[in-house]
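Please open the model in your viewer and keep the sequence panel beside it, since each stop on this tour begins with a selection.

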Amino acid sequence: MDKRLEALGRSDLAGTAALANARAAYARYEEIFLGERFAALRAAGARVQRPLWASTGVKNPAYPETMYVDGLVAPDTVNTMPLKTLLAVAERGTIVPGTAQLDATPELSALAEAGIDIDDVTATLLDQGIAAFVAPMDKLLAGIESARQMVLTGRPAAIAAVIDGELSSVVAARVGRAVQERIARRVWAKDESLWGGPGIAEIGDRLGWLTISDAMQERADELVEFARGCAADGLTDAVLLGMGGSSLAPEVLWRTFGATDGALALHVLDSTDPAAILAVQETVDLDHTLFVVSTKSGGTIETLSLFAHFHSLVPDGSHFIAITDPGSSLLELAREHGFRASFENDPNIGGRYSALSLFGLVPAALIGAPVHALLERAVVAEQECAHFEQTQTNPGLWLGLAVGELARHGRDKLTFVVGDPTASFGLWVEQLVAESTGKHGRGILPVADEPLLEPESYGADRVFVHLRDGERVKRRHRCPDRRARPGRASDVHADGQRQRGPRAGCSSSPSSQPRSPAGSSRSTRSISPTSRRPRTPPSECSARARCRRRISPTTRHCAPCWTGDCRAATSLSWVISRRRSSSTRRSLRCAPR
C-alpha cells in the first residue's frame, strides 16, 4: 500500500490503510453479531465469531512497534503478536479501549480519492497470503506421507524417504524377508553366504573392514605423532604412489579437508602417464617431499615403477614410507632402502574398503585431517547398524535393502548430487557401488558429476541422492554436518560414514576384485569421467556392551545426507540426525522440514 501511495505522490496517507481496513472489518463484525440478525442466537447462548488481528508486527521501522496493537483495541478481539511486538507492548504500549471502533470512513475515502482501489489491494494481499501457505502445507502433507511410508516399509524413524506407491510395497516385502532371514546378524557374523559363498576366494578373508575402526582408534595417537614428526623434519608435501583402492580414500579426504597449518600437502599419483608424473614432480620440492608407497599386495607393478622413478631422483630412504599387508615384498624393499617407516595393514581388507584402515588413515594424519573424529564417528555409525531384530533401528540395513530392491525394479541409476566440501564423494562412491555389484548381470550404476537437468528430462530409472554441507565446516578438526534439501519430500539428516548393508538382489560383494572389463561390464559404466571410491561400508559391533560407550561431543555433527527429487523417477531422501538422549546418549530423530 505505501508503495502505491508513494507512486501517487500521497505519502501523507502512508500507514492509514491497514488500521482503517481493520476498523471497517470490526464495524462489519458489530453489524452482524451485535445486531438484530444474531440477537436470537445470542440469546440462545450462541458464541460470536471473534475478529482476530493476525501477526501484528510492524515491518516499516518508521512506524511505532505497537501501532497495530494500540490502534485495534475492542471487545471480543484477538491479537496474535510476534514476540518482539509483545515485548514492545509490555514496555511502552498504550491500551485505550475502543480504538478499533473508531470510524474508518474518513481514511478510506481519502485513500479512494488518492486513487487507491482498496478491494484490489486486499485481493492481492489475499492471493499472496494463500501462496505463502502452499509450501508449508505441502511440507506438512509430505511429512504425513513420510510417516505413512515409515510404517509400511519398516523404515527407521531417523530416515525420511519418498518412494513411489507401488515400489514402497516391494521395499516393504524385501525388508520383511531380510528380518526373517536375519540379514543384519549374518553381516556381523561375517556370513560368506550373503555374498555368494561359502568357499569363494576373497570373501571370508575380505571382511576385516567390519571392525577396523575399533582397532584403528588404538593407533590414532601413533599416526598423529608420526605425521607431526614428518612436518617437524621439514617435509612439506606427501606424494601417494598407489593404484586403485589404496589411493581413493586419501584423495577424497584431501579434497574434503584440504591443507592444515603445519601439516603436509597431499598429491595422489595413481597413473603411469608420463605427463601426470612430470606434473607432480614439478609441483613439489623433492628435497622436502615424503613419498607414500601404498600397495596391498606389495607387488603392484605400476606402484613399484613409480617408486623406482622417484627413488632415482631422491635416493634417501627417509623420504619414503610403505603401507602394505604383512609379509608382502614391499616390506623387504623398505628395509633394503631404509624407509622412514613401514605400516602393516589388516590383510583382511580389500583396497576399495580400506578408507578407515592404514591405507586411508596414514595419509589422513599426514594432511592433518581429524583422525580421531573420523574414527569416533565411524564407531557411532557401526554401533547404530548393529541392531539385528528389526530395520526400524538399523538405518544402514534399511538403506541397503531399499537401494537394492529399487535397482531390481528398474531404479538402478543411483545419481549423486554432491556439494562442497564433500564434492569428491561422488568419485569415491562410484567404485564401491559399481565394482561391488554387477558380477552376475545385475547391478547398480552410480552416476557422479552429471550436470543437473529439469526433472522431466530423466527417465524412471533414477534414484537421486543429494549431499551438501549444512554448516560449512567452520572448524577443520570437526566432521562436517551435511544437510539435505529435498524437493518434494521432508528434510532429513543422516550420519552415514559406514552405513552400507548388503544390497538386496544386486549380487553385492565387498570382496570381488575386477580383473577384466568383462568382470564388471554391467556396473563399471559411469557418467563420471573419473573412477574413484565411495564411502566405507558398515563395520561390526560384536559386543553389545560397546554400544553404551560415551561418544565425544566434539564430533557430534558429522552427517552426510541423501536426498532425491525427480517427478519421473523414484525420489529418496535420507537423514539421520543425532542428538543426545538421557537413556542412550545418542538418539535418532526424524527431522522433516
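Select helix H2 (residues 17-33) and show the side chains of tyrosine 26 and tyrosine 29, which sit 3 residues apart in H2 and are therefore separated by about one helical turn; helices (H or I, at least four residues) and strands (E, at least two) are DSSP runs, numbered from the N terminus. This is a predicted model, in which local features need pLDDT of at least 70 and side-chain atom pairs count only at pLDDT 80 or more, while totals for chains, interfaces and linings use all residues. Residues are numbered from 1 along each chain as its sequence is written, and side-chain values use heavy atoms, with hydrogens and water left out.

Are the two tyrosines buried or exposed? Tyrosine 26 is buried, with a relative accessible area of 2%, and tyrosine 29 also counts as buried, at 6% relative accessibility (buried means under 20% relative accessible area, exposed over 50%, partly exposed in between, with a 1.4 Å probe and protein chains only).

Next, select phenylalanine 291 and phenylalanine 320, whose rings form a stacked aromatic pair, 5.1 Å centre to centre with 20° between the planes. Rings of Phe, Tyr and Trp (its six-membered ring) pair if their centres lie within 6.5 Å, and planes under 30 degrees apart count as stacked, over 60 as edge-to-face and the rest as tilted. This pair links distant parts of the chain, for phenylalanine 291 lies in strand S5 and phenylalanine 320 in strand S6 (residues 320-324), 29 residues apart. Both phenylalanine 291 and phenylalanine 320 are buried. Extend the selection to Phe307, Phe310 and Phe339, which together with Phe291 and Phe320 form one aromatic cluster.

From S5 (residues 289-294), move to strand S3, which runs parallel to S5 and is joined to S5 by 5 bridges; two strands pair if DSSP finds at least two bridges between them. To locate the register, pick alanine 238, whose bridge partner in S5 is leucine 290.

Now colour S3 (residues 237-241) by accessibility: 5 of its 5 residues are buried, so the strand is largely enclosed by the rest of the structure. In a regular strand the side chains alternate between the two faces of the sheet. Accordingly, look at each side of S3 in turn, where Asp237, Val239 and Leu241 cover one face and Ala238 and Leu240 the other, all of them buried.

Finally, add strand S4 (residues 265-269), which pairs with S3 in the parallel sense over 5 bridges, with histidine 267 in S4 as the bridge partner of valine 239.
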